[in-house]
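Trainee: I'm new to this structure and would like a close look at a single part of it. Could you walk me through the largest pocket and what sits around it?

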Amino acid sequence: EIKNLRNVEDAAAPLPSDIVLNGDFIGGGKLSIRGKLNILKDIPDANVNTKLENVHLPALSDFSNAYAAVDIREGNLSVYSKLIIKNNKVSGYVKPIATRISLIDLDKDANPIKLVWQSVVAVVVQIFTNLPKDQFATKIELEGNLDNINTDTWSAVVGIIRNAFVASLKKGLDPE
């Protein structure tokens with residue numbers, strides 16, 4: 001649902017249009033996108049919050065197998081994001097949170113090299129899982145312009161370590 005699309009600029013309402021999108025996602029997940037837009041610009045300005053919650057991770061196993069050579073046996077994924085676009089500049093974050101992850105299926109994997117790789121990945125995930133919450137998570141800050149959005153890899157790694165050993169990330173969008 002998009003409301004209040006207009007072709008007249010109003011300085012008092014820099015983001016006059018509302019967008020609400022709700023739907024089902026692969027693996028039983030629920031997607032919710034809510035925000036405000038200004039479509040009158042060549043590159044629209046926007047302030048958008050996105051929630052993708054409770055995706056059953058085995059439904060993404062074909063994808064993870066193709067790109068990371070990892071089969072996912074069990075777990076859930078939720079992703080929360082805030083994205084602000086103004087004058088072609090982007091800021092915001094993406095916060096993926098995976099819970100109850102199980103990777104290795106000994107019955108399925110006959111390839112010993114793949115089994116070793118999946119074991120290494122499983123050990124890394126286990127080491128950096130927040131045990132009380134049983135979650136593997138990080139928060140990735142986004143900054144830059146639409147042609148070149150910068151993500152700081154080290155801040156993502158620090159976020160994983162922080163979630164595991166200092167304080168678990170909370171599900172949901174961060175308060176403003």
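Mentor: Happy to. Keep in mind as we go that this is a predicted model.

Let's get our bearings before we zoom in. You're looking at a chain with 3 helices and 9 strands, and along the sequence they come in the order β-β-β-β-α-β-β-α-β-β-β-α. Along the principal axes, the C-alpha atoms of the chain fill a box of roughly 65 × 30 × 30 Å. Of the 176 residues in the chain, 32% are buried. If you take the contacts between residues at least 6 apart in sequence, 53% of them join residues at least 24 apart.

Now to the pocket itself. The largest pocket has a volume of about 540 Å³. It is lined by 20 residues, and the closest to its centre are Leu57, Ile72, Ala98, Ile101 and Phe136. Sorted by class, the lining has 18 nonpolar residues, 2 polar ones and no charged ones. Where do these residues come from? Helix H1 (61-68), E5, E6, H2 and strand E7 (135-137) each supply at least two of them. E6 gives the largest share, with 4 residues.

Pick out Ala98 next, one of the residues closest to the pocket centre. Leaving aside residues up to four places away in sequence, Ala98 touches Leu57, Asn76, Leu77, Asp134, Gln135 and Phe136. Two of those names, Leu57 and Phe136, are also on the list of residues closest to the centre.

Ala98 also belongs to the largest nonpolar core, a group of 11 residues that includes Leu57, Ile72 and Leu77 as well. The rest of that core is Leu52, Val55, Val70, Val79, Leu103, Val121 and Val125. Strand E4 (45-56), strand E5 (74-86) and helix H2 (112-127) are the elements that give two or more residues to this core.

While you're on H2, find Val123, which is in that helix. Is it buried, partly exposed or exposed? Val123 counts as partly exposed, because its relative accessibility is 48%. From Val123 to Leu103 is 20 residues in sequence and 9.8 Å in space, C-alpha to C-alpha.

Strand E4 has a detail of its own. Asn54 is found in E4, and it has a positive phi of about 60° although it is not a glycine. Most residues other than glycine have a negative phi. Asn54 is partly exposed, with a relative accessible area of 47%. You'll meet another positive phi at Asn87, near 50°; this residue is in the loop between E5 and E6.

From that loop, move on to E6 and see what it pairs with. Strand E6 (residues 89-102) runs antiparallel to strand E8 (residues 140-145), and 6 bridges join the two. Look for Lys89, which stands opposite Asn145 in E8. E8 in turn pairs with strand E9 (residues 148-151), also antiparallel, over 4 bridges. Here Leu142 stands opposite Thr151 in E9, and a hairpin of 2 residues joins E8 to E9.

So if you want one place to start turning the model, try Ala98: it is among the residues closest to the centre of the largest pocket, and it is part of the largest nonpolar core.

Methods: Residues are numbered from 1 along each chain as its sequence is written. This is a predicted model: local features need pLDDT of at least 70, side-chain atom pairs count only at pLDDT 80 or more; totals for chains, interfaces and linings use all residues. Side-chain values use heavy atoms; hydrogens and water are left out. A nonpolar core is a set of buried Ala, Val, Leu, Ile, Met, Phe, Trp, Tyr and Cys residues joined through side-chain atoms within 4.5 Å. Buried means under 20% relative accessible area, exposed over 50%, partly exposed in between (1.4 Å probe, protein chains only). Contact means heavy atoms within 4.5 Å. Two strands pair if DSSP finds at least two bridges between them. On a 1 Å grid over the protein atoms alone, a cavity is a set of points where a 1.4 Å probe fits but cannot get out, and a pocket is an open set with protein on both sides within 12 Å along at least five of seven lines; lining residues have an atom within 4 Å of a point. Grid points are joined across faces, edges and corners, and a volume is the space filled by probe spheres set on the points. Ala, Val, Leu, Ile, Met, Phe, Trp, Tyr, Cys and Pro count as nonpolar, Asp, Glu, Lys and Arg as charged, and the others, Gly among them, as polar.
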